[in-house]
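Colleague: Could you take me through one part of this model up close? I would like to see how a single charged side chain sits in its surroundings.

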Amino acid sequence: MTMENYVKGETREVDEPSPFSALDDNVVEMRVSAGSKIRNIMGYAIKRMKEPDIKQITWNGSGHAVNKTISCAEIMKRKVKGLHQITKIRFRRIEEYWEPKMEGLERLKVNRDIPAVSILLSKEPLDTSQPGYQAPGSHDAAWLDRPQEKKGIKQKSGPPASNLGQKRKRKLKKDKPDNQTVKNTERKLDSSASSAAS
């Protein structure tokens with residue numbers, strides 16, 4: 001029995017409860033798909049989030065939409081300042097049904113678990129003990145102590161170099177022979193080659 005004897009039929013997403021507890025009654029739930037246009041969904045989401053009675057928004061995406069979901073949440077945090085965040089990473093179950101082409105074969109059900117992300121953004125404080133919690137402005141924390149300019153030359157922005165990287169550079173520099181060592185080694189080789197020839 002091979003899959004060529006079957007044709008793909010219906011596909012269902014298994015409904016799962018929200019990964020977040022204690023959501024507001026008027027929470028805005030955004031579902032992002034791989035074909036979603038960021039400009040379109042962001043316009044709606046930002047407009048809703050600026051309403052005074054809206055305190056929370058969730059961004060949900062799975063499979064190929066995970067990156068786009070994260071991008072939407074990050075854009076929202078830049079446009080609407082002071083948002084608390086909780087991120088949940090999990091798997092979503094997709095059930096695929098395969099119909100037989102031949103008589104005597106049974107219908108097949110295939111379960112696929114695909115990666116999914118849910119991001120809760122809130123104007124009001126959230127439980128800081130929750131795994132995946134980020135305080136407002138924490139996306140900037142790694143960049144704050146890095147000098148922006150040095151002697152009139154603009155520095156590239158990026159996370160500060162770790163001590164491990166600096167130790168590795170020092171070790172490589174120490175292992176690399178300087179010019180004087182190379183010259184001394186060449187002289188020794190030359191003298192041993194000339195004494196061996198005589």
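Modeller: Happy to; here is a walk around Lys88, with a word on confidence at the end.

This is a predicted model, so local features need pLDDT (the predictor's confidence in each residue, from 0 to 100) of at least 70, side-chain atom pairs count only at pLDDT 80 or more, and totals for chains, interfaces and linings use all residues. Residues are numbered from 1 along each chain as its sequence is written, and side-chain values use heavy atoms, with hydrogens and water left out.

Lys88 lies in strand β4, residues 84-100 (strands are DSSP runs of E, at least two residues, numbered from the N terminus). Lys88 is buried, meaning under 20% relative accessible area with a 1.4 Å probe, protein chains only. Even so, Lys88 has no salt bridge, that is, no side-chain nitrogen of Lys or Arg within 4 Å of a carboxyl oxygen of Asp or Glu. The nearest side chain of opposite charge belongs to Asp127, 8.6 Å away; Lys and Arg count as positive, Asp and Glu as negative, while His and the chain ends are not counted.

What the Lys88 side chain does have is a polar contact with the side chain of Gln130, at 3.0 Å (N or O atoms within 3.5 Å, one able to donate a hydrogen and the other to accept it). Gln130 is also among the residues that Lys88 touches beyond four places in sequence, together with Pro19, Phe20, Ala116, Val117, Ser118 and Pro131; contact means heavy atoms within 4.5 Å.

As for confidence, the chain's mean pLDDT is 80, with 69% of residues reaching 70 or more. Over residues 140-146 the pLDDT is below 50.

Key: Helix = DSSP H or I, 4+ residues; strand = E, 2+ residues; numbered from the N terminus. Buried < 20%, exposed > 50% of the residue type's maximum accessible area, 1.4 Å probe, protein only.
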